Structure formats: structure tokens, C-alpha cells
Amino acid sequence: MFIEKNDSVVEQEVQTDRLIEFDRFTSGVLGTMARLLCDNKEVRIMLKNFRADINSVFERDPAARNVLEIIFCYPGLHALWIYRIAHWFWVGEFFFLGRFISHLGRFLTGVEIHPGAKIGKKFFIDHGMGVVIGETAEIGDNVTLYHGVTLGGVTWDKVKRHPTLEDNVVIGSGAKILGPFTVGKGAKIGSNSVVVKAVPENATVVGIPGRMVMEQEKKDVGRADLEHGKLPDPEAKAISCLFDQIRELEKKYACLAEEHEALKKQLDIVQHRIS
């Protein structure tokens, strides 16, 4: 009896210790969350960003009809809002909650945004499916991404390993931006391009690997240039240049052939006179 009683007491003490430890954990979590929620500045910024996100859809998608449609029918917007919540937890050092919320967002929208990434105002993901944004990626204001875009890294080291996109950058569908470099303001990346080095401001990059094919004039506009369909084709341009050179060579050959025929006639006349 004494041994059974002693075991019962020990079990009760263990359960009591577990309850105390759980209470400390929950009170610490809830207390930290309460402090974060009481930080009105952060909450105001988040709500302000939500409104700016809706406005950015109206600015960049002519198919958007009303606010209700945007709120319920745009997975890119849902992914961004889920990211902002996950990022809020991540900044508050609730890393598991941040990752878990991000994971739920990936399941619901098909867009994977690491909660550690830094994203500016009026960020727009059109269609959304297949977009991947890594932990150390940094995105400026008025940036537009189309479906299938990857902002990835090229190293396993725990350093800055993802790209930085400055303001007003447009990245076409399927493009891969790989590495810790900067894509300058107003730059455009063509669809399915693979970019592995820095891109200057207002430049246009296409191809695999990405090559700069156009430097645009600097535009003082408050929103991104969405005419990403008007991108040059470097291969077609190279072939066109070859055709131009062939035409020039054909003209020179025709001139030389005429001169040759004229000289041949003169030589025949001279030989006929001599004979």
C-alpha cells in the first residue's frame, strides 16, 4: 500500500509539473501575442497594406470588377495576405506559427512565400499558381509577378541567397531569378527567362541564361509598366542581321559579276583585234 500511494503521489506531482509548464508556455505565448497586438503601429500598417493591395489589383488587372470579387476570387491576393500574417508571427519570433501559416497558404493558393521574405507595398501576383519566393528575398513597391515565377537561391549556406527586386519590376510567367543579386528599378524580365546576374535599372532581360536586350528610358511613373509582351526577340534579331548581311553580300557579288563581265568583253575585243 505504501508503494502504491507513493507512486500515485509521484504521478500527481509529475502531472502538476506538466500543467505548470504548460501554463507558463501558454501565458508566455499569449502575453507576447498580446504585446504584439497592442502595438497599434504594426496593426495599422498591416491594415493599410491590405487596402493598398486591393487597389493594386484594380490598377493592374482590367478583369477586376469590384472589391468583393477581388477579396474572394484572387489567389495571388490571398497568398499575399496570408504571407503578411505569417510574416507578422515570424517577426515576433513565432517561427513555427509563421511557417505553418505559410504552409497553409501554399496549400490553399499554390503560392509559396517564406514568412522571412520582405515584401513592399502594392505587390501583385497575377494568377499566382507556382510562384515561389525564398526566405531572404526582398521585394520593393509596385512589383508584379506572373504565375510560375521563382525567386530562388543558389547556395545552402545560411546567408543572403535570394534576389532583391527594386520598385516597379515586372517578371513574366515562368521566369527564374536565382541568386543574391539586385534587379534594378523598372526592369522587365521576359517569360521563362533564367536570370543569374544583376539587372540594371529600366533594362529588359530575356533568354536562358538571361541577356539584356534593351535599355529603356527612365520613366517617372507611379506604377509598373505591364507591357511585358512587347519584349524583343534576340534570336530573331540575330537572324535578321544575318539576312541583312547576306543581302549586302549579294549586292556586292552582283556588282563584281557585272564588272567581271564587262572586263571579259573588253578582253575578248582586244584579243580579236590582235588576232
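A residue counts as buried when its relative accessible area is under 20%. In this predicted model, phenylalanine 94 has a relative accessible area of 12% and is therefore buried. Phenylalanine 89 has a relative accessibility of 10%, so this residue is buried as well.

These two phenylalanines also form an aromatic pair. The ring centres of phenylalanine 89 and phenylalanine 94 lie 6.2 Å apart. Their planes meet at 85 degrees, and the arrangement is edge-to-face. The pair belongs to a cluster in which ring pairs link Trp88, Phe89 and Phe94. In total, the structure holds four aromatic pairs.

Another of these pairs joins phenylalanine 96 and phenylalanine 100. Here the centres are 6.0 Å apart. The planes stand at 15 degrees, so the two rings are stacked. Both residues sit in helix α5. They are four residues apart, about one turn of the helix. Phenylalanine 96 is exposed, at a relative accessible area of 64%. Phenylalanine 100 is partly exposed, at 40%.

Helix α5 spans residues 95-109, and a loop leads from there to strand β1. Valine 111 lies in this loop. With a relative accessibility of 2%, valine 111 is buried. Beyond its neighbours within four places in sequence, valine 111 is in contact with seven residues: Ala79, Gly105, Arg106, Ile125, Gly128, Met129 and Val131. One of these contacts, isoleucine 125, is 14 residues away along the chain. The C-alpha atoms of valine 111 and isoleucine 125 are separated by 9.2 Å.

After the loop comes β1, which covers residues 112-113. This strand is part of an open sheet of five strands. The order across the sheet is β1-β4-β7-β10-β13, and the strands pair in parallel. The edges are held by β1 and by β13, the latter made up of residues 194-195. Each edge strand has a single partner, so one side of each is left without a neighbour in the sheet. For β1, the partner is β4, which comprises residues 132-133. The two strands run parallel and are joined by two bridges. Within this pairing, isoleucine 113 has isoleucine 133 of β4 as its bridge partner.

Note on methods: Residues numbered from 1 in each chain as written. Predicted model: local features only at pLDDT ≥ 70, side-chain atom pairs only at ≥ 80, totals over all residues. Heavy atoms only, no water. Pairing = 2+ DSSP bridges. Buried < 20%, exposed > 50% of the residue type's maximum accessible area, 1.4 Å probe, protein only. Contact = heavy atoms within 4.5 Å. Phe/Tyr/Trp six-rings, centres within 6.5 Å; stacked < 30°, edge-to-face > 60°.
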